[in-house]
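Me: Please take a close look at the salt bridges of this model. I would like a connected account of the paired side chains, their place in the chain and their exposure.

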Amino acid sequence: MPELDHDSDEAQVLEKAPKTWPKKKKVGKKPKVENEGGKRKKTSNAWDNFNVIPTDENHAKCVYCGTLISCSARNGTNAMNRHTDRCKKSPFFKDKTQTILDFESRTKINTDGSVETVNIPKLWRFDHDEIRKALAKMLILDELPFAFVEREGFRQFCKVAIPQFVPPSRSTITRDCYGLFIEQRKKLKDFFNNLSSRVCLTTDTWTSGQNLSYMCLTAHFIDDDWKLHKRIINFCPVAGHSGELIGKSVGKCLLEWNLKRILTVTVDNASSNDLAIKYLKKIFNLWDGCVLDSEFLHMRCAAHILNLVVKDGLKDVNVSVLKVRAAVKYVRSSPSRLQKFKSCVEEEKITCKGLVCLDVETRWNSTYLMLKTALVFRKAFKNMKTKFSPYTKELMKQPVGGAPDDEDWDKIQSFLPFLEIFYNATLKLSGSRYVTGNTFVEEIYDIGYTIYDYVSDPNEDVKNMANQMKLKFDKYWSNVRNINILMFIALILDPRNKMKYTEHIVRNSYDASNSYTLCQCIQDALNSLYDCYAKKVGSSSTNIASSSQSEKGGKEQTRGGNQSRLRDSFVRESGNEESSKGVTELEKYLGDKLEPNDDSFDILTWWSAQGKTYPILMTMARDILAIPVSSVASESAFSTGGRVLDSFRTSLSTKMVEALVCGQDWMRKSNVPITIEESLLELENLEEGYFINFIYYFLL
């Protein structure tokens with residue numbers, strides 16, 4: 001054994017070490033530590049910041065500020081610890097209300113019209129309640145489960161980001177979410193009480209995974225700043241899908257919101273909705289605020305009708321569509337099959353970055369997207385049919401009877417451009433963030449012209465498809481007395497079109513008898529509607545003038561008021577003389593020049609500047625241009641409801657479901673569109689790490 005260096009640390013330790021190590025003592029009950037007086041020693045760390053008061057055993061004195069705090073044996077030292085945390089003279093004190101310099105991004109419009117994002121300094125102060133409210137808002141907007149706040153990753157994030165914030169439990173955040181919904185509902189109700197324009201409605205029903213029927217009611221309106229809004233005001237369970245139940249549910253909801261000035265209700269073509277509209281007409285006519293006895297209350301969903309038209313057209317080529325759908329399902333049914341398909345794509349040198357996508361059979365526009373993408377990979381499917389026998393054998397077992405051949409692909413390629421017209425029109429008419437009423441007539445009758453052109457197409461398949469579509473199209477729009485005239489009035493209220501263009505569309509769409517009848521109905525409805533609004537706008541302006549005069553006092557002011565009334569009577573008489581000659585506000589508008597037909601034209605901006613020139617027509621336009629021509633806005637809520645009520649959350653109460661769906665709609669930024677139909681490229685990027693199925697819906 002080598003000798004140790006006595007100058008080293010190891011040698012010194014060994015020299016000081018005892019010859020024999022003491023045995024480990026048995027652990028027993030810790031003996032009580034007592035002071036000289038026989039009392040138990042104070043062992044809590046709280047006494048490091050307090051002094052004992054000899055004359056008062058129940059209180060202790062803070063060494064920093066001198067405050068007396070209770071320290072009785074019954075209460076313990078919790079009060080002392082709390083005082084130390086909030087004592088401003090204590091060296092351990094942290095001021096949670098201290099402000100921190102922060103920066104906020106805002107949009108700045110320069111003098112030259114350019115838009116610039118600048119950072120503006122602001123003061124941030126820690127507020128526990130505001131952070132909890134923001135957390136509840138995040139759960140609602142991002143559709144996160146309530147248990148998210150109890151997950152380890154989120155709590156570790158809070159410790160790093162905001163150490164002072166204590167995340168709540170799932171029960172607490174559930175109450176916060178519902179309380180935030182109640183707060184937002186009160187704000188929206190107050191907004192509706194002060195709203196001067198009329199409200200247009202869309203409604204639809206849906207059966208959830210709970211086997212409960214829900215009804216969604218959405219309000220569409222243009223506010224005083226001429227901004228179009230969409231708000232889901234009800235997402236409640238209904239006992240069934242009958243028309244009377246739907247009508248009663250809508251009426252009850254409107255009474256709760258105190259909404260009685262309703263212009264239209266947009267629904268799909270179900271027969272139960274016809275009964276619901278009849279019921280709503282009866283109760284609306286009893287309310288003060290209906291227009292022309294609710295004659296134009298019923299609006300049929302344009303997107304739903306176009307869907308029916310296309311479905312009838314696809315009947316003759318349905319076998320080819322089913323074959324392509326079965327081929328796409330086979331490719332997307334497993335990663336190994338998809339990998340084989342990708343190898344065929346590489347062999348055929350197809351440069352498309354996307355891949356084939358599944359469709360929803362009840363949504364023809366998703367079928368159009370499926371066929372469009374599948375047609376790009378036509379050669380790859382043909383390669384699959386040649387090289388992989390399991391592909392052919394599997395499809396032979398299907399009811400379609402095999403994989404698509406060249407004849408099927410040729411049929412799809414021939415009618416796909418025809419379907420694209422319907423697809424683009426559906427997307428355009430299904431919007432809820434922009435005005436659609438002024439483009440409805442033009443889009444629908446353009447499709448009618450296209451159908452009539454394809455009836456004489458040399459391709460027999462396209463010709464048969466067009467004939468089937470023509471029958472369904474004429475069912476809804478050949479009878480001029482079943483058309484909602486408000487859509488033609490919306491077209492007239494577009495300063496780029498007015499009456500002449502409307503009459504041109506009618507004359508080119510119907511025969512002489514029907515075109516004359518429809519033009520007369522449009523003219524009569526326009527005049528009646530203008531007279532109805534003229535009375536209400538005139539009475540409101542008179543009330544404003546009289547109230548402003550009543551606020552004035554004194555003899556001299558009374559004389560001025562008499563002179564004002566004489567002036568008012570003179571203006572009314574002059575106006576009657578002009579109206580007798582046909583120079584009304586409506587006639588003046590129709591006689592003015594048309595605005596340039598520019599794609600950048602904003603109809604709401606144009607009407608917002610016409611308050612002095614056309615005050616009556618401006619009020620009328622604000623109500624009519626808010627009419628949605630499709631019920632997709634309500635249908636989109638069911639997509640949110642389906643995500644909220646997934647297989648793990650079916651135990652949610654109906655009130656909480658309504659709070660989550662409505663709250664998300666109210667708190668979402670109004671200028672951000674609801675993107676339901678995702679781009680194919682984004683979906684393919686998401687798929688790089690895992691395999692998913694694709695679902696496409698209408699674009700809002």
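Reply: In this predicted model, Arg170 and Glu150 form a salt bridge whose closest N and O atoms are 3.2 Å apart. The pair links distant parts of the chain, 20 residues apart: Arg170 belongs to helix 5 (residues 170-193), whereas Glu150 sits in the loop between helix 3 (128-141) and helix 4 (152-161). With a relative accessibility of 41%, Arg170 falls in the partly exposed class because that class lies between 20% and 50%. Glu150, at 34%, is likewise partly exposed.

A second salt bridge, within one helix, joins the side chains of Glu244 and Lys248, with an N to O distance of 3.2 Å. Both residues lie in helix 6 (residues 243-257), 4 residues apart, which is about one turn of the helix. Glu244 has a relative accessible area of 48% and is partly exposed; Lys248 is partly exposed as well, at 42%.

Lys588 and Asp592 provide a further example, their side chains meeting at 3.8 Å, N to O. Since a salt bridge requires these atoms to lie within 4 Å, the pair qualifies. Here too the partners are partly exposed, Lys588 with a relative accessible area of 42% and Asp592 with 31%. Elsewhere, salt bridges that share partners connect Arg378, Lys382, Asp406 and Asp410 in one network. Over the whole structure, the search finds 22 salt bridges.

Terms used: Residues numbered from 1 in each chain as written. Predicted model: local features only at pLDDT ≥ 70, side-chain atom pairs only at ≥ 80, totals over all residues. Heavy atoms only, no water. Helix = DSSP H or I, 4+ residues; strand = E, 2+ residues; numbered from the N terminus. Buried < 20%, exposed > 50% of the residue type's maximum accessible area, 1.4 Å probe, protein only.
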